[in-house]
Amino acid sequence: SLSKLQLKTGDLDPRLFSRLRHLQKLDLSDNLLDKFPNSLTLPDLRVLNCNNNKLEDVTALKQFPLLEELTYENNVYLTLNDDYKVMFLLENLRLLNGKDITKLANHVRRVNSRKLTSKVTAHWEKFFRDQLPEKYTAEQVKSIKKKFLKSVQTNVVYGPSSLSEFTRWRVKMIAEEFLAYSLGLELNTDPEPEENMDENEEESTESPREAAEDMGQVGNFSSYINNVTVTPSKRKRNNSKAGSGKKRSKSQANTKEESEDVSAEPLHFLQCHSKGNSHEDFKTQLWSCVFEPLLDCGARKDPIVSSSRTVATCGGESVCLIDCETGTVLKKYKVATEEFFSVAWTTLTMVISDSRKKSHNILAAAGRRGIVKLIHVAADFCYGEIKAHKKPIATVCFSPTQATHLFTASYDKRIALWDIGIPDCDYNFKASQLLVLEALSIPLRIALVPTCPDEYLLAGCEGGCFAWNIKLDKEQKSRPFEALFQFPDEDGSMTTSHRVDGLVFLNDDVVVSKSSKPGCIYVWSWRRSFDTKGKGCQRTLSAVILAELEWSTTDLSYLTLSTCPAKDYVFCGDENGSVWMYNLSNYTTAWSSAKGKRSDKRIPPTQILKWPELRANGEQLTEVLINNVVSDPTFTYLVVLTSVNITAIWKKS
């Protein structure tokens with residue numbers, strides 16, 4: 001037993017340990033180990049306890065091939081992916097963190113490996129085999145190997161996204177073995193004997209932790225809608241080709257150019273924000289969703305994946321973390337007395353006790369109580385709160401340049417800027433208020449100007465669209481607005497007084513906003529509108545309109561819009577459960593020129609995704625409002641939040 005000795009990795013001297021030829025049990029719990037040296041040897045080790053350390057990687061454990069029992073609980077950086085890695089690497093392992101994993105480990109080593117090998121082989125055959133000439137040089141082999149390894153790790157997907165790191169690790173391993181074999185090099189691995197196993201086994205391993213519903217605690221929680229059914233016949237595209245077996249809900253395009261049509265299909269309909277987990281709850285409104293940023297974790301940085309498929313959603317008393325591909329609710333955080341309106345991500349570089357820095361994603365969630373909750377998602381821990389306002393918070397957002405700077409927009413007609421600080425290893429943190437922006441009405445949406453996010457903030461409010469100077473080098477802590485924008489009204493005259501319930505940037509200059517004029521979304525230039533500002537404060541400026549987007553004629557408010565800048569797309573839901581999608585890539589180049597002319601005609605949607613027929617308890621769900629629609633940065637998934645407690649996830653096919 002070497003427990004509780006403050007041992008660090010350098011204290012494990014291989015020269016000493018390699019002499020312990022018959023050691024069978026080793027207890028290294030409650031130390032400061034961040035990894036295992038590769039050459040400890042210990043050829044007869046059977047039982048290893050590494051609880052309460054700071055381990056970041058488990059692959060060095062393969063040096064203990066006879067290991068039967070392994071525990072490494074309370075190593076905050078180890079995840080489900082590491083569990084699967086040790087199950088694959090240690091063939092004699094029976095108990096992992098106190099649980100019998102024999103059956104699952106067999107599945108990981110055999111069924112999982114067989115499936116991935118099949119997918120890797122198919123990927124080579126389909127995309128790469130023909131690229132290699134009959135007589136090839138070493139340089140050609142090197143080039144195609146590099147391309148193949150990158151492509152196969154990007155495109156071969158299997159199992160839940162919570163295991164995506166393990167899957168890519170195995171895929172790379174399999175691909176390298178496959179290349180060595182297929183390009184005539186010797187291979188030292190014996191093929192595993194096949195073993196039949198239930199295909200659904202992996203589902204039961206999604207979440208090793210117990211579900212936790214208590215206030216202030218995040219737990220892993222899975223909830224599908226078991227009393228909601230989709231009628232597939234209503235989801236078929238009108239012009240599906242005869243004989244197509246797949247029942248897809250591609251939407252109807254409103255334009256003649258069929259090439260612009262996006263093929264999308266509904267993947268999941270989730271009812272995971274129910275009050276009291278009731279399956280009868282079709283009233284909870286869902287308001288906000290944001291995709292989790294990818295972490296740059298040094299050695300763990302993934303060079304392949306450029307976008308996350310994990311999204312945070314909020315509504316009612318809960319915040320959920322959802323894997324878009326599998327529809328699994330990975331985590332759920334609940335506050336019984338709260339109604340959450342907004343969530344936002346930031347990545348903080350936190351220092352752990354041995355002075356090592358590491359990046360972690362932090363989620364801020366806020367709503368009716370005016371309190372911001374700060375959640376360290378990987379640790380399943382809500383570590384603090386900021387009592388930001390005495391009235392509800394409508395929306396929150398982090399600065400893209402200052403990771404600890406959080407803006408909160410409240411019903412008290414103020415937008416506050418906070419420095420949330422960086423928590424230490426015991427989660428102590430200090431938050432401070434840096435600025436208060438005075439609005440004349442309730443701010444509903446806020447957006448930082450992409451070219452100068454530390455200088456200007458735009459807000460869509462109940463009474464108009466405003467801009468503030470947010471430079472921190474000024475003395476003034478409380479500030480009035482600097483500009484108020486006016487837009488055409490229904491009769492064509494310019495007005496400043498209107499509710500702006502949608503506001504977002506499409507690129508560095510182009511703003512998309514939605515306001516009081518029915519059936520219309522405005523596209524306008526921030527630079528050209530703001531350049532007209534002379535000296536002095538609180539100027540009224542006319543927004544330089546670039547185009548109008550045709551939209552629903554409803555007078556309902558708070559159906560907000562979003563953009564996917566990488567693809568020049570705008571999304572906005574309506575009062576009938578439909579999602580209006582606008583591909584503006586044909587217009588953005590013209591708009592960016594100095595004399596970019598306004599588009600004369602209203603731009604129709606490229607496509608409208610229709611809401612499929614859903615039945616709850618045998619009755620069709622009607623009056624579905626789409627409160628929010630958000631795509632991931634690469635426009636692979638579209639997350640649709642409704643007024644009837646259903647999160648719909650579409651995937652671009």
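The legends below describe close-up views of a predicted model.

**View 1. Confidence along the chain of the predicted model.**
The chain has a mean pLDDT of 82, and 84% of its residues reach 70 or more. Strand β19 (residues 405-410) has the highest confidence, at 98, whereas strand β6 (residues 218-219) has the lowest, at a mean of 31. The pLDDT is below 50 over residues 185-259, a stretch that makes 162 contacts in the model beyond near neighbours in sequence. It is also below 50 over residues 297-304, where 11 such contacts occur in the model.

**View 2. Packing of helices α4 and α5.**
Helix α4 spans residues 138-155 and helix α5 spans residues 164-182. Their axes come within 9 Å and cross at roughly 145°. The crossing of α4 and α5 is right-handed. On the α4 side, the residues that meet α5 are Lys145, Phe148, Leu149, Val152 and Gln153. Their counterparts in α5 are Arg168, Val171, Lys172, Ala175, Glu176, Phe178 and Leu179.

**View 3. Packing of helices α2 and α5.**
Helix α2 (residues 80-89) also packs with α5, at an angle of about 35° and with the axes 7 Å apart. This crossing, too, is right-handed. From α2, the contact involves Asn81, Tyr84, Lys85, Phe88 and Leu89. From α5, Ser164, Glu165, Phe166, Trp169, Arg170 and Met173 take part.

**View 4. The buried salt bridge between Lys334 and Glu317.**
The structure holds 22 salt bridges. In the one shown here, the side chains of Lys334 and Glu317 meet at 3.7 Å, N to O. The two residues belong to distant parts of the chain, 17 residues apart: Lys334 is in strand β13 (residues 328-334), and Glu317 is in the loop between β11 (310-315) and β12 (318-323). Both Lys334 and Glu317 are buried.

**View 5. The salt bridge between Lys387 and Glu385.**
The side chains of Lys387 and Glu385 meet at 3.0 Å, N to O. Lys387 counts as exposed because its relative accessibility is 63%, over the cut-off of 50%. Glu385, with a relative accessible area of 33%, is partly exposed.

**View 6. The salt bridge between Lys471 and Glu455, and a separate network.**
A distance of 3.9 Å, N to O, separates the side chains of Lys471 and Glu455 in their salt bridge. Lys471 lies in the loop between β24 (464-469) and β25 (478-479), and Glu455 in the loop between β22 (443-448) and β23 (456-461), so the pair ties together parts 16 residues apart in sequence. Lys471 is partly exposed, with a relative accessible area of 29%, and Glu455 is partly exposed, at 30%. Elsewhere, salt bridges that share partners join Asp44, Arg46, Glu68, Glu69 and Arg94 into one network.

**View 7. Asp568, a buried residue with no salt bridge.**
Asp568 sits in the loop between β33 (561-564) and β34 (569-573). Asp568 is buried, and the nearest side chain of opposite charge, that of Lys567, is 9.6 Å away. Asp568 has no salt bridge because that distance is not within the cut-off of 4 Å. Leaving aside neighbours within four places in sequence, Asp568 is in contact with Leu506, Tyr582, Asn583, Leu584, Ser585 and Thr588.

**View 8. The surroundings of Trp468 in strand β24.**
Trp468 is buried, with a relative accessible area of 0%. Residues up to four places away in sequence are not counted in the following contacts. Trp468 touches Ile415, Leu437, Glu438, Ala439, Glu455, Tyr456, Leu457 and Ala459, and also Arg479, Pro480, Phe481 and Glu482. The C-alpha atoms of Trp468 and Ala483 are separated by 6.9 Å, although the two residues are 15 residues apart along the chain.

**View 9. Positive phi at Lys4 and Tyr558.**
Lys4 is not a glycine but has a positive phi of about 55°. Lys4 is found in the segment before α1 (14-17) and counts as exposed, at 62% relative accessibility. Tyr558, also a residue other than glycine, has a positive phi near 70°. Tyr558 is found in the loop between β32 (544-550) and β33, and is partly exposed, with a relative accessible area of 30%.

Notes: Residues numbered from 1 in each chain as written. Predicted model: local features only at pLDDT ≥ 70, side-chain atom pairs only at ≥ 80, totals over all residues. Heavy atoms only, no water. pLDDT = per-residue confidence, 0-100. Helix = DSSP H or I, 4+ residues; strand = E, 2+ residues; numbered from the N terminus. Contact = heavy atoms within 4.5 Å. Buried < 20%, exposed > 50% of the residue type's maximum accessible area, 1.4 Å probe, protein only. Lys, Arg positive; Asp, Glu negative; His and termini not counted. Axes fitted to C-alpha atoms, helices over the stretch in contact; angles between N-to-C directions. Left-handed = near helix turned anticlockwise from the far one by under 90°.
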